[in-house]
Amino acid sequence: VSPSGGTGALAQWVLLELQGEVEPRQSGDLAGSLLGDLHYTCEGVPVLIVGHHILYGKVVQLEKPFAVLVKQGGASQPSPVGPHSHYTVTALIKTKLLFKTRPKPIITHVPRKV
Amino acid sequence: AAMRSRAEVDATLQTAKLNPAELLPVVHCLSFGPQAGGGECCLLQLEPGLCAELEAGRSLIIRGEKDEHAVLCSKDKTYDMKIADTSNMLLFVPGCKTPEELKADQASCNIIHSQIAGFSKNYWELRRCRPKLKKLRKLLMEDPYEGPDSQKDQASTFSKYTTEDLLNLIQASEEEILHQLQVIDACKIEGYWRILDFDYEMKLLNHVTQLIDSESWPLSKVPLCACLEELGSLEPREMIEHILLSYGRKYVDDGEVFFEMHEDKICRAVAQMLLQNAVKFNLSEFEEVWKQSVPEGMTTRLDQLQGLALVDRSSRPETIFLLKVEDLPEDNQERFNSLFGIREKWTEVDITPYIQDLCAEKQTVGALLTKYARSSMLNGVKVYNSRRPIS
């Protein structure tokens, strides 16, 4: 598990913690699809709009930070006494946005038929 | 997929009936990156100190063969790895800013397109553990060094291990491994770590102790040069120096190198030499022979044999037999099972040398006994026995 690259500090990412599952709206691949918009109130409360839901959360400084590990491709150098896979630390996560409150559904105003 | 525009974001805010005036001007539009669903990324929860090590550019190594539980090693510590499940979804987002960062940053843009790098419902949890060093001894015992005259080495088909080999095979940090090599008196011969065959080790020790005796040197001041000169024709100089290092403390006095011999360690080695020849010995006979076998000027005491031999005071006559802690299982429960298989009831004094090495960072022998044994009184003395029936 090595810090990636030699140049400069490790990247700092943020963790988003959501209740339940994350499902793509389309049945296809998750890659490229939108999750939603993340806003912050002036007081710093994170607000996430996902589909028809509004989620309110809070910013949490992690007591125990996380390292994000990326597996290095398969058996690049087969050796009799080697570890099985090599991981690289891509980033550190010291902050998380925790969304624990139940999402508030957005009720779209249905225009009346005139 | 087309990226969201500010206009689209504002429209969503309107539909959601959120007042833009109450929000910071910057929005993050989150989408899933191209690798997001691949499962290539995973999360590792860091114990105190590890974050700083990574930020300082140092590596952490995950070690473990197929049949071993993986451990994570820093430069000097070892941790067990365990998967922790959460009921929540954890998404990791690069380039996502916190409110403080946004307020501090006078950026002109008001929209950030962030790509979620990955997500997971679980993460790796770490727990500091004892380094798994028993394997180190096992590997080096595959082919103990019997001396330069040994026929074995020439035609050796056994594996020999370099430092690099050991780092790959042993589930412990580098510092813990190097420290243990010192503790077990391993030495490097032609680039490979070797442990001495006990008989060869005793042969070397005997050369030294006989020389000390014939030269009447004080045990606390044995000169290296003279040893090498006198014994150099009998054994390789590196081996002479190695045995002095193993059984003495090196120091310099007035530019010359001397050794202060470890009386306890020498007496202990002599005892092992005597005890390994039989299943058990009459205690008083052993004590007499032992006393006469140690070098002139050395005093034998039974407490020198802690973790090496066990005295049975319940047998008539009293006996003593070899029981080496390093031959016992490394796992806590297995160790206790093994000890209770050898003897049903133990006093704390007797069992301590055989469980001391199991203590975790701040754990006491007492805590171990509470967990793995049951206590009772026997003839006014507190004894410990197994919690479960031993077959």
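In chain B of this predicted model, 62% of the contacts between residues at least 6 apart in sequence join residues at least 24 apart. The chain comprises 15 helices and 18 strands.

**Dimensions and surface of chain B**

For a compact globule of 391 residues, a radius of gyration near 21 Å would be expected, whereas chain B has 31 Å. Along the principal axes, the C-alpha atoms of chain B fill a box of roughly 100 × 60 × 45 Å. Of the 391 residues in chain B, 45% are buried. The accessible surface of the chain amounts to about 20700 Å², and carbon and sulfur atoms account for 49% of that surface. Chain B carries 46 positive and 62 negative charges, and the mean positions of the two sets lie 8 Å apart.

**Aromatic pairs**

A pair of aromatic rings is described by the distance of the centres and the angle of the planes. Over all chains, the structure holds nine aromatic pairs. Two of them are set out below.

| Pair | Centre-to-centre distance | Angle between planes | Geometry |
|---|---|---|---|
| A:Phe66 and B:Tyr123 | 5.1 Å | 80 degrees | edge-to-face |
| B:Phe336 and B:Tyr372 | 5.1 Å | 10 degrees | stacked |

The rings of A:Phe66 and B:Tyr123 are classed as edge-to-face because their planes stand at 80 degrees, over the cut-off of 60 degrees. Which elements does this pair connect? A:Phe66 belongs to strand S6 (residues 58-71) of chain A and B:Tyr123 to strand S7 (residues 118-128) of chain B, so the pair joins two chains. A:Phe66 is buried, with a relative accessible area of 5%. B:Tyr123 is likewise buried, at a relative accessible area of 15%.

The pair of B:Phe336 and B:Tyr372 is stacked, with 10 degrees between the ring planes. This pair links distant parts of the chain: B:Phe336 lies in helix H13 (residues 332-342) of chain B and B:Tyr372 in helix H15 (residues 365-372) of chain B, 36 residues apart. Are these two residues buried or exposed? Both B:Phe336 and B:Tyr372 are buried.

Chain B also contains an aromatic cluster, formed by B:Phe281, B:Phe286 and B:Trp290.

**Summary**

Chain B combines 15 helices and 18 strands with a radius of gyration of 31 Å. Among the aromatic pairs described, A:Phe66 and B:Tyr123 join two chains, while B:Phe336 and B:Tyr372 link helices H13 and H15 of chain B.

Terms used: Residues numbered from 1 in each chain as written. Chains lettered and ligands numbered in written order. Predicted model: local features only at pLDDT ≥ 70, side-chain atom pairs only at ≥ 80, totals over all residues. Heavy atoms only, no water. Helix = DSSP H or I, 4+ residues; strand = E, 2+ residues; numbered from the N terminus. Rg over C-alpha atoms; globule rule 2.2 N^0.38 Å. Buried < 20%, exposed > 50% of the residue type's maximum accessible area, 1.4 Å probe, protein only. Contact = heavy atoms within 4.5 Å. Areas by Shrake-Rupley, 256 points an atom, 1.4 Å probe, with all protein chains shown as cover. Lys, Arg positive; Asp, Glu negative; His and termini not counted. Charge placed at Lys NZ, Arg CZ, Asp CG, Glu CD. Phe/Tyr/Trp six-rings, centres within 6.5 Å; stacked < 30°, edge-to-face > 60°.
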